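Biologist: I'm new to this one and would like a close look at a single part: the salt bridges and whatever sits around them. Could you walk me through it slowly, and then show me how it fits with the rest?

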Amino acid sequence: MQSRHEDTPLRATRSTRGLSGAWLALGVAALAVAGLFAVLLVVARVPGASALFSDQNFFRIALVIHVDQSVLIWFLAFAGALWSLASPVHDRYPSLGWAAFALAAGGAGLMALSPLFGAGDPSLNNYVPVLRHPVFHASLILFGLGVMLQVLLYGAGWSPRRLWPDPVHVGIYTAGLATLASVASLAWTWQALDIPRNTEAYFEILFWGGGHVLQFAYTQVLLVAWIWLARQGGIRIPASDRLLSGLLILGVAPLLAVPLIHGAYSVESAEARIAFTQLMQYGNGLAAIPIGLLILVGLMRGRGPAPQFLPAADRALLASLLLFAVGGVLGFMIGDVNTIITAHYHGSIVGVTLAIMGLAYALLPTLGWAPATGRLARIQPVFYGVGQLLHIGGMAISGMLGIERKTASEAEEMDGMTQFFLGIWGLGGMLAVIGGILFVVVIAQSFLRRPR
């Protein structure tokens, strides 16, 4: 059944267009910063070149900044672009929206510069790794406050009944609910933690529950992008708006268990850790799997007319579907603490990133910028997607050969086979970095070629 919505129902006003564009620019800037640190990380993994980075602490600091900028800030800044674009509140109270953006942008900028202020002492805990320094902590708080304010402003302008049954609006709304649930879980854990502060164990537990919950918000944004791009690409999704919206609600329904987990177990207990792991393991695919399959069925049936078809956005959608699926398959291969874990979450995260890149291309005309139609835009998803496939493939096989995660390699201790796959890992990483740079360049060109 073809949806009655052929494209996004979101319509930009002068106020929402400017604010949404600012959030998008913040996300692209974060991705650029992450790319700079990614270059250092990839070089540190290449046999021979890794000797240039003998200081293990340097590798760990770069890894913290890279992960937080490329995941936390990039994803939530793009979500901020959707929340501001979809919110009627900003037309009435534009200063509040810009205050939220200013807080988030200040936090993101301070984080990128925090090593210059002496921030070091990295903690490679899961989800939100940190540098144990007041400046870095302040950057996280500022960014978090800005995102929270933006979510609340968006939620204040809508009731769920007014959004039903449009899946784009339902997906954006449920992404906001999941983000608030993540913050609530983080706050609960923070007030209940009773172990020494500023230790790696402290931050691991602090971000464990909220980090797992936040993955649901990322997945909802991913699904919004898939549905949006599929429709603009002429893919007839064999599902009604009501079915798609129902699946999106199902996607966040498992979060009803979050207060039950906090109420039943101590935040420091193994039971709580297992419960949040299983929540994400069994709950976070409830919407992604059927919606992804529906889009694939629609793709196999052939495309309909697509007056808004953009090759760059369409290729990003296809690459996103592939990478997200590969990441899911690798998740079932996790055993020991090795780089298969890294390959799994890179596949999933890159799947989200590619979907967001594609949706960013689709949003450019809506926000008043020039469309991404040039050659660089067309090849960018290919570079990024192929590079990431090689990258996570090298990671996965290296993990099978015994390479541990979150450590720089020591070439002299490895056999030729291991060094070969580390080289594939590095080659894929460099191609992916080039793809990321191309994305930043394409978006910058669109900003500079803004139509009159």
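Modeller: Let's start with R303, which is partly exposed in this predicted model, with a relative accessible area of 36%. What does its side chain meet? The partner is D314, and the two form a salt bridge with N and O 2.9 Å apart. D314 belongs to helix 13, while R303 sits in the loop between helix 12 and helix 13, so this bridge ties together parts that are eleven residues apart in sequence. Is D314 buried or exposed? D314 is buried, with a relative accessible area of just 8%. So here a partly exposed arginine is paired with a buried aspartate.

Helix 12, on one side of that loop, spans residues 288-300. I289 lies in this helix, and together with L293, L296 and M300 it makes a nonpolar surface patch of about 440 Å². I289 itself is exposed, at 55% relative accessible area.

How many salt bridges are there in total? The count comes to five, and two others are worth a visit because both have an end in helix 8. Take R273 and E204: their closest N and O atoms are 3.0 Å apart. That pair links distant parts of the chain, with R273 in helix 11 (residues 270-283) and E204 in helix 8, 69 residues apart. R273 is partly exposed at 34% relative accessibility, whereas E204 counts as buried at 12%. R273 has another thing going on, too: it lies over the face of W208, at 3.7 Å from the ring centre. So keep an eye on this arginine, since it has a salt bridge to E204 as well as a place over the W208 ring.

The other bridge joins R60 to E200, with 3.9 Å between the closest N and O atoms. Why does it make the list? The cut-off is a nitrogen within 4 Å of a carboxyl oxygen, so 3.9 Å still counts. R60 lies in helix 2 (residues 56-86) and E200 in helix 8, so the pair ties together parts that are 140 residues apart in sequence. E200 is partly exposed, with a relative accessible area of 32%.

Helix 8 also takes part in ring contacts. The structure holds eleven aromatic pairs. One of them is W226 with F324, an edge-to-face pair at 5.6 Å centre to centre, with 90° between the planes. W226 is in helix 8 (residues 200-232) and F324 in helix 13 (residues 311-331), so this pair ties together parts that are 98 residues apart in sequence. Both rings belong to buried residues: W226 has a relative accessible area of 2%, and F324 has 18%. That also brings us back to helix 13, where D314 lies.

Another pair, W369 with F447, is tilted: 4.5 Å centre to centre, with 45° between the planes. This one links distant parts of the chain as well, since W369 is in the loop between helix 14 (339-366) and helix 15 (375-400) and F447 is in helix 16 (residues 416-448), 78 residues apart. W369 is buried at 16% relative accessible area. What about F447? It counts as partly exposed at 22%, because the cut-off for buried is under 20%. Elsewhere, ring pairs link W74, F78, Y361 and F439 into a cluster.

Now step back to see where all this sits. The protein chain has 16 helices and two strands, and buried residues make up 56% of its 452 residues. Of the contacts between residues at least 6 apart in sequence, 83% join residues at least 24 apart. The R60–E200 bridge is one example of a link between distant parts, at 140 residues apart. At the other end of helix numbering, L19 lies in helix 1 (residues 14-45) and is buried at 1% relative accessibility. L19 is 64 residues from W83 in sequence, yet their C-alpha atoms are 9.9 Å apart in space. As for the outside, the chain exposes about 18200 Å², with carbon and sulfur atoms supplying 67% of it.

Key
Residues are numbered from 1 along each chain as its sequence is written. This is a predicted model: local features need pLDDT of at least 70, side-chain atom pairs count only at pLDDT 80 or more; totals for chains, interfaces and linings use all residues. Side-chain values use heavy atoms; hydrogens and water are left out. Rings of Phe, Tyr and Trp (its six-membered ring) pair if their centres lie within 6.5 Å; planes under 30 degrees apart count as stacked, over 60 as edge-to-face and the rest as tilted. Helices (H or I, at least four residues) and strands (E, at least two) are DSSP runs, numbered from the N terminus. Buried means under 20% relative accessible area, exposed over 50%, partly exposed in between (1.4 Å probe, protein chains only). A charge sits over a ring if NZ of Lys or CZ of Arg is within 6 Å of the ring centre and within 35 degrees of the ring normal. Contact means heavy atoms within 4.5 Å. Accessible areas come from the Shrake-Rupley method with a 1.4 Å probe; for residues, only the protein chains shown count as cover. Patches are made of residues with over 30% relative accessible area and no salt bridge: like charges are joined within 9 Å, nonpolar side chains (Val, Leu, Ile, Met, Phe, Trp, Tyr) within 5 Å.
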